[in-house]
Amino acid sequence: MSVEILDGRTVESFVEDEGAFNSTVDDRFAALDGDRDGRLSYADMAGELMSLRVLETHFGVDGAAATDAELVDLYRGLFARFDRDGDGAVDLEEFRAEMKEVMLAVASGLGFLPVQMVVEEGSFLKRAVERELAKAA
């Protein structure tokens, strides 16, 4: 992990650079595709979805008020966003399309003022920052 300074334009510019963005998305897809069949099942993606901590409220634990069944429903709903054709698996094009939407939403949420945040090595945000720094050099 590292502390980086970024804004919405950094992320938006990264998404607009199809070569850099698709390369990053393709790498993540390949890492998740354990059986190398070119399709991600819910089992393939479950850990990644849960790492988003969408209900995180206290010290890295999903919301205490949510039952196990509610969390399963939530993560299955997130998976369904990726599985755009509803066939029970996510192909690379579906993964790319949803990741683009996710990252543009992040860009919008960050806004135009720079913020300092901790990002994981190899994450989409880290790659966006690295791309921005390389452009400036």
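These legends go with several close-up views of a predicted model.

**View 1. Strand S1 shows two faces.** Follow the side chains along S1 and you will see them alternate. Ser2, Glu4 and Leu6 point to one face and are buried, while Val3 and Ile5 point to the other face and are not buried. This fits a general pattern: in a regular strand, side chains alternate between the two faces of the sheet.

**View 2. S1 finds a partner in strand S6.** Here S1 pairs with S6, residues 115-119. The two strands run in the antiparallel sense, and five bridges join them. To find your way, look for Val3, which stands opposite Val118 in S6.

**View 3. Helix H1 begins with a cap.** Asp7 caps the N-terminal end of H1. Look for a side-chain oxygen of Asp7, which lies 3.2 Å from the backbone nitrogen of Arg9. Within H1 (residues 8-16), the buried residues are Gly8, Thr10, Val11, Ser13, Phe14 and Val15. What do the buried residues of H1 pack against? Their partners are strand S1 (2-6) and three helices: H2 (18-32), H5 and H6 (124-136).

**View 4. Helix H3 has a buried side.** Tyr42, Met45, Ala46 and Leu49 are the buried residues of H3, which spans residues 42-50. Why do they sit on the same side of H3? They cover an arc of only 130 degrees around the axis, so they share one side of the helix. The elements that cover them include strands S2 (39-40) and S5 (90-91), along with helices H4 (68-82) and H5 (92-110).

**View 5. A closer look at Asp44.** Asp44 also belongs to helix H3. Is Asp44 buried or partly exposed? Its relative accessible area is 21%, and buried means under 20%, so Asp44 counts as partly exposed. A polar atom of the Asp44 side chain lies 3.0 Å from the backbone nitrogen of Ser41. Beyond its neighbours within four places in sequence, Asp44 is in contact with Leu32, Asp33, Gly34, Asp35 and Arg39. Take Leu32 as an example: Asp44 and Leu32 are 12 residues apart in sequence, and their C-alpha atoms are 5.8 Å apart in space.

**View 6. The span listed as an EF-hand domain.** An unreviewed UniProt entry lists residues 70-105 as "domain: EF-hand". In this model the span is 75% helix and 6% strand. Its end C-alpha atoms lie 24 Å apart.

Note on methods. Residues numbered from 1 in each chain as written. Predicted model: local features only at pLDDT ≥ 70, side-chain atom pairs only at ≥ 80, totals over all residues. Heavy atoms only, no water. Buried < 20%, exposed > 50% of the residue type's maximum accessible area, 1.4 Å probe, protein only. Helix = DSSP H or I, 4+ residues; strand = E, 2+ residues; numbered from the N terminus. Arc of directions from axis to C-beta. Contact = heavy atoms within 4.5 Å. Polar contact = N/O pair within 3.5 Å; in protein donor to acceptor, adjacent residues only side chain to side chain. Pairing = 2+ DSSP bridges. UniProt positions renumbered as here; feature names shortened; annotations may be inferred.
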